[in-house]
Amino acid sequence: MQIPVIGSTILFLDTVDSTNTELARISGNPETINGTAVLAFEQTAGRGRRGNSWLNEPNKDLTFSFILQKPAIKAEFAFLPVAAAAVASTAFLQQLVPQQKLEIKWPNDILCQEKKICGMLIENTFTGSQCAKTIVGIGINLNGTRYAETRFPATSVFIETEKNRDIKESLVDFLPFLNESFSMLFTHPEGLMKRYNSLLYGKNELKTIQVGEQRMLGKIKTVDMHGNPHILNENGQPIAARPDEIQFLPE
Ligand code: BTN
């Protein structure tokens, strides 16, 4: 399989509802080649995980998506693009905020000093057990200073460093990190997961988590290739719950 080049084509849009939605709309067009990226300076209906909205002030932050057409990913490994995007985002951001601690809060939030600086929405379409397309949408809080209230408070590169960043240039600088990480997904997924696990927020530490309706302390040990976290409770017993029932809470 040929590994697609992410960002070999980039569409720059002043405004769009959501870059993920736009890519889904144009994904069938012949000119939407594998790896095409869409960047919008303003999203009017940015989407987050769990049906949440993703809100940014216009012309402040980096909001973009890219598409992988027919990637060689089986449905049971649908978590791997999440891991690749999270690892790439952390490595890229670490260059912009070198003094700060960056971590991946399972499954795919990037925290900077325990505040959210980046989120991602990965949307897969399957044909049988094979992935037909993956749309990876990433939002990085770059120059913004005002963010909607969320469970984990938000921060931005500007808030952390008092430096403004050019949005287009930032995407161009981000691409090598994405290409490296996604190439690892296809060639050495175990190595990718090792990197992901080395960046895990709360690894081997007791943190407050919500499991269904219940709040408890839990210690995340690892995340496997399917995206399942291995979490122990205060007594060292594995927490048996569906991944979608588990959420980390701020301390
Ligand atoms: C989350 O943390 O809930 C995920 C946020 C993902 C936001 C990005 S911004 C670019 C792309 N377009 C969207 O509508 N969402 C993603």
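Student: Which atom of the ligand lies 2.6 Å from a polar side-chain atom of Lys-116?

Tutor: In this predicted model, a polar side-chain atom of Lys-116 lies 2.6 Å from the ligand, and its partner there is an oxygen atom. Taken alone the ligand exposes 410 Å², of which the protein buries 97%. Ser-18 also places a polar side-chain atom 2.8 Å from an oxygen atom of the ligand, whereas for Thr-19 the corresponding distance is 3.1 Å and the ligand atom is nitrogen. For Lys-116, then, the atom asked for is an oxygen.

Student: Which element gives the most residues to the shell around the ligand?

Tutor: Helix H1 (19–26) and the strands S3 (62–69), S6 (115–127) and S7 (130–140) each supply at least two residues of that shell. By class, the shell holds 5 nonpolar, 11 polar and 4 charged residues. The element that gives the most, with 4 residues, is S6.

Student: Where is the cis peptide bond that ends at Pro-107?

Tutor: Pro-107 is found in the loop between strand S4 (102–105) and strand S5 (109–112). The bond leading into Pro-107 has omega near 0°, and it starts from Trp-106.

Student: Is Gln-113, with its positive phi, buried or exposed, or in between?

Tutor: Gln-113 lies in the loop between S5 and S6, and its phi is near 50°, a positive value in a residue other than glycine. Because buried means under 20% relative accessible area and exposed means over 50%, the value of 43% makes Gln-113 partly exposed.

Definitions and conventions
Residues numbered from 1 in each chain as written. Predicted model: local features only at pLDDT ≥ 70, side-chain atom pairs only at ≥ 80, totals over all residues. Heavy atoms only, no water. Polar contact = N/O pair within 3.5 Å; in protein donor to acceptor, adjacent residues only side chain to side chain. Areas by Shrake-Rupley, 256 points an atom, 1.4 Å probe, with all protein chains shown as cover. Nonpolar A, V, L, I, M, F, W, Y, C, P; charged D, E, K, R; others polar. Buried < 20%, exposed > 50% of the residue type's maximum accessible area, 1.4 Å probe, protein only.
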